[in-house]
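Here are my notes on this one, jotted down while going through the model. Have a look at the sheet to begin with, then the helices and the cavity.

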Amino acid sequence: MKVFEANISHQVAIFLNDSLKKIISLELANQKIFDAFGIQCFFDNNEELETLKEVISKTQIVVKEPDRAEYGDFQTNEVLANKATLHLSFRNISPTVIVEPTCGKGAFIIASLRNFQQIKKIFGVEIYKPYVWETKFNIVNFFLENPDGAKPEISIKHCNVFDFDFKQIAKHYSTENILIIGNPPWVTNSKLGSLNSSNLPPKTNFKKHSGLDAMTGKGNFDIAESITLTMIETFQKMSGNLLFLIKNSVIKNIVYDQTQNKYKIASLEKQSIDSKKEFNVSVEASLFYCELNSVPEFDCQEFNFYDNKKSYQQFGWVNNKFVSKIDSYIHKKEFDGQCPFVWRQGLKHDCSTVMELDKVNGHYINGLQEEVQLEDDLVYGILKSSDLKNTVITQIRKFTIVTQKKVGQETQYIKSGYPQTYKYLLDHLPDFDARKSTIYNNKPLFSIFGIGDYSFKPFKVAISGLYKTFHFTLVLPQDNKPVMLDDTCYFIGFEKVEFAVYSLILLNSDTAKQFLQSVTFSDAKRTFTKDI
């Protein structure tokens, strides 16, 4: 049966029908539920009371379950929530206050009621009203099945997590032992913004990124990261623990920023789970655990949640270096110096259907399958991450138009010097205008990024930023012109082929590979970055 679009068990429906059918007072109904189950303000108003009474007195109503995956809403199943709380109880963790900032259908609240015996107060916050009701129904169902269990005071609030005043909880319960537990949304702020969601933090550059970094992606952060940091900052001075189910990338960011934040957290752990099995999604995620009110620590032990015997590796800070495998890094850290060359990222244009071309029977064909007439001078071969498989590149399959020799260069020269190319680009001006990134705002027509003198070096040593290989490739010029790389690749350029070959040999050595494996994260969106 469904009430308020929330699942309600037959057992709960019968109990509520029998208990409330003769009650017309909101205050009396709420008091009756509180006395029986500890849930405060079960009904917000008389309309909810009357609606529930009407629905549960009739035959079952079925409402299609909405798909909220696009909101990062992956509800924790009962088995996983139970295992997670049992894992804490086996470590003699026994909280008196539970906080669930995005409680969903209440899986972690029910699991906490089942596995912790000293709870006095539970706070759950949830923005999606049907889940608020489902959590309440699930709590009632739990106590109907476990009538002898202790009943703490339980408050389930319908609220945006970023509007809820958690500081009042920290102030009022400062002497209690707290557990912050949950599964925040696995979604970024830009994704929720595109969905017009109200469950967003205030619009601030909370990581203090520079203008260009903020515009080109580093300003886009995971909502779960914001929630986790808010919880840590709010409750770090209380005795207790935090256990959140979040993406691995978020855990890495939290540990990375710990040197700056210096939150009072210690014993950091990443308990890897099988997201495909638990949620049927291909996302790398784990249970993140830490102790509150501790001397700050800056590394994190990694475990397999299903076989939690001992840590299989440790990542975090070694002096002023952030590394993925601390033990391996310590044995190879002598190679961690300052590279004498500047590594560059390839071309960025965000207009592949127009700017990238194939060559068929001597003619250029764009991504719209149009045959294109162009002067050859501004057309260069280009390689993508998927092309960097061999040790030496001797052939290219794609071409691109290079409109500038440096970022910000005026492009009017194309009109007089290359009229066919200019006409082609102008005919597709709407495609350029449709580019969403703000980096193109107020820039010359047909602007590109990732372009400079380094782009025109004849010999390059390159690596894919996307693939989890540790293999470098030598890129040779084609038809007496340098070959470009796209923005998923990183490279160093040389004027002389022998210097490029020396660098290739060194970079592909076992020593270099072992060192790079100790400082890169295999589950990162990009294994290699300019920072690496």
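1. The sheet. Ten strands make up an open sheet with mixed pairing, in the order E5-E4-E3-E6-E7-E9-E8-E10-E11-E12. Its edges are strand E5 (153–158) and strand E12 (321–323), each of which pairs on one side only. On average, neighbouring strands here are turned by 15 degrees against each other, direction ignored. Keep in mind that this is a predicted model.

2. A parallel pair in that order. Strand E6 (residues 178–182) runs parallel to strand E7 (residues 240–247), and five bridges join the two. If you want a spot to click on, Ile-180 has Leu-242 in E7 as its bridge partner.

3. Helix H11. This helix (residues 248–261) packs on the sheet and touches E7, strand E8 (265–272), strand E9 (285–292), strand E10 (299–304), strand E11 (313–318) and E12. The direction of H11 makes about 130 degrees with that of E7.

4. Helix H6. Over at E5, helix H6 (residues 129–145) lies across that strand and strand E4 (121–126). H6 runs at about 160 degrees to E5.

5. The cavity. How many cavities of 30 Å³ or more does the structure hold? Just one. The largest cavity has a volume of about 40 Å³. Its lining consists of Asn-248, Lys-252, Lys-270, Phe-315, Phe-521 and Asp-523. By class, that lining splits into three charged residues, two nonpolar and one polar.

Definitions and conventions: Residues are numbered from 1 along each chain as its sequence is written. This is a predicted model: local features need pLDDT of at least 70, side-chain atom pairs count only at pLDDT 80 or more; totals for chains, interfaces and linings use all residues. Side-chain values use heavy atoms; hydrogens and water are left out. On a 1 Å grid over the protein atoms alone, a cavity is a set of points where a 1.4 Å probe fits but cannot get out, and a pocket is an open set with protein on both sides within 12 Å along at least five of seven lines; lining residues have an atom within 4 Å of a point. Grid points are joined across faces, edges and corners, and a volume is the space filled by probe spheres set on the points. Ala, Val, Leu, Ile, Met, Phe, Trp, Tyr, Cys and Pro count as nonpolar, Asp, Glu, Lys and Arg as charged, and the others, Gly among them, as polar. Two strands pair if DSSP finds at least two bridges between them. Helices (H or I, at least four residues) and strands (E, at least two) are DSSP runs, numbered from the N terminus. Axes are lines fitted to C-alpha atoms, for helices over the stretch in contact, and angles run from 0 to 180 degrees between N-to-C directions. Contact means heavy atoms within 4.5 Å.
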